[in-house]
Amino acid sequence: MFVLSAVFTVLFCVSYFVFSIGENPTMVLGLGASNVALGTCLGMALLLIGVGAIQWARKLMGDEEIVEMRHPARSSDEDRAEAVASFTEGVDQSGIGRRPLIRNTLLLSTGLLGLPAIIALRDLGPLPGDKLYHTVWQRWMRVVQDVTGVPIKPEDLQVGQLVNAQPSVFYRPFNPKDSDGNDLTAAQAEERGEEPVEVPEGVDLQQEKAKAATIVVRMEPSAVTPSKGREDWGIDGILAYSKICTHVGCPISLWEQQTHHLLCPCHQSTFDLADNGKVIFGPANRALPQLPLMVDSEGYLVAQSDYTEPVGPSFWERG
Ligand code: FES
């Protein structure tokens, strides 16, 4: 087989020169003769080496089992003593014991080498602080349709409908408001130390949008069972929840109108929006955060506050 393999290798080389390619290639059965010959010869050469090696191992090599006893890993006393003596001699010869200045500066320089690695950690970016606990939502901020930025009124929503929403500040600056939701004058805002919130831009906009993404659903008011303290978080069966799954953060919007269940497509966590966003199935272990809603003087849906708990994956959840 090995001889045959050698023959095919030689044939490969010969075919390379014998068959013409290019404008008038030599053809065999409608195929380029050069390709066929090169492929066949090389394939056969490799195959015969492989088959020959297998035959050799199976038929010619011995297959008796050989047992090798394991020896103790510990070196003999003589070897250990010799190693210690050699080490001591090395230390003596280096003079490190007699030259404390050199020794100490060497220790200092090697010790300090760890610092660059630690300092480079700073490039991972500023610490998030409490950013993970907040979104840009705030009291009196309008709930607007995602993409179009159109503010939403309760009458725009049919029972069973789900709308993807965002806070209005992604479309226009948000002015400080008085306790009734009216814009403060510049002087009043300055007096209170408040400033308009500008529309974020670039990466900031993307990050804040991802965190503040919200879904607004309308159910029959009788179907909703708010937990204690959430009785006034909805308007006639209209409730708002974070769109970010509390498992690992997929955006959710598979909405089952009849059951009021919201299904995450990533790992099938299912949340009951009529029951405070509770998890009823799947790996998420925390209810969907709910955004408290109210209506402003012009009849538009607005937030009562930011989300009252962190949105998204619950890895930072306390307790
Ligand atoms: S991200 Fe929603 S179930 Fe995993």
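**Close-up 1. Strand β4 and its neighbours β3 and β5 in the predicted model.** V143 stands opposite P167, a residue of β4. The strands β3 and β4 run antiparallel and are joined by three bridges. β4 also pairs with β5, again in antiparallel fashion, through four bridges. Here A165 is the residue that stands opposite T214 of β5. Five of the six residues of β4 are buried, so the strand is largely enclosed by the rest of the structure.

**Close-up 2. The loop between β3 and β4, with V147.** V147 is not a glycine, yet its phi is positive, at about 75°. Most residues other than glycine have a negative phi. V147 has a relative accessible area of 70% and is therefore exposed, the cut-off being over 50%. The loop that holds V147 connects residues 143-145, which form β3, with β4.

**Close-up 3. The two sides of helix α7, residues 202-212.** The buried residues of this helix are L205, E208, K211 and A212. Because these residues cover an arc of only 135° around the axis, they lie on the same side of α7. V203 and Q206, on the other side of α7, are exposed. The cover over the buried residues of α7 includes two strands, β4 (162-167) and β5 (214-218).

**Close-up 4. The span annotated as "domain: Rieske" in UniProt.** According to the unreviewed UniProt entry, this annotation covers residues 233-302. The C-alpha atoms at the two ends of the span lie 11 Å apart. Strand accounts for 36% of residues 233-302 and helix for 0%. D236 has a positive phi near 50° and is a residue other than glycine. D236 is placed in the loop between β5 and β6, the latter being residues 238-242.

**Close-up 5. The surroundings of H260.** H260 sits in the loop that links β7 (254-256) to β8 (261-263). Its relative accessibility is 15%, so H260 counts as buried, for which the cut-off is under 20%. Leaving aside residues up to four places away in sequence, H260 touches M219, A223, W255, F271, D272, L273 and A274.

**Close-up 6. The hairpin of β9 and β10.** β9 (residues 270-272) and β10 (residues 278-281) run antiparallel, with three bridges joining them. T270 has F281 of β10 as its bridge partner. Five residues lie between the strands of this hairpin, in which N276 takes a positive phi near 65°.

**Close-up 7. The aromatic pair of Y16 and F17.** The structure holds one aromatic pair. Y16 and F17 form this pair, which is edge-to-face. Their ring centres are 5.2 Å apart, and the angle between the planes is 80°. Both Y16 and F17 are exposed.

**Close-up 8. K153 and the ring of Y300.** K153 lies over the face of Y300. The distance from K153 to the ring centre of Y300 is 4.8 Å.

Terms used: Residues numbered from 1 in each chain as written. Predicted model: local features only at pLDDT ≥ 70, side-chain atom pairs only at ≥ 80, totals over all residues. Heavy atoms only, no water. Phe/Tyr/Trp six-rings, centres within 6.5 Å; stacked < 30°, edge-to-face > 60°. Buried < 20%, exposed > 50% of the residue type's maximum accessible area, 1.4 Å probe, protein only. Lys NZ or Arg CZ within 6 Å of the ring centre and 35° of its normal. UniProt positions renumbered as here; feature names shortened; annotations may be inferred. Contact = heavy atoms within 4.5 Å. Arc of directions from axis to C-beta. Pairing = 2+ DSSP bridges.
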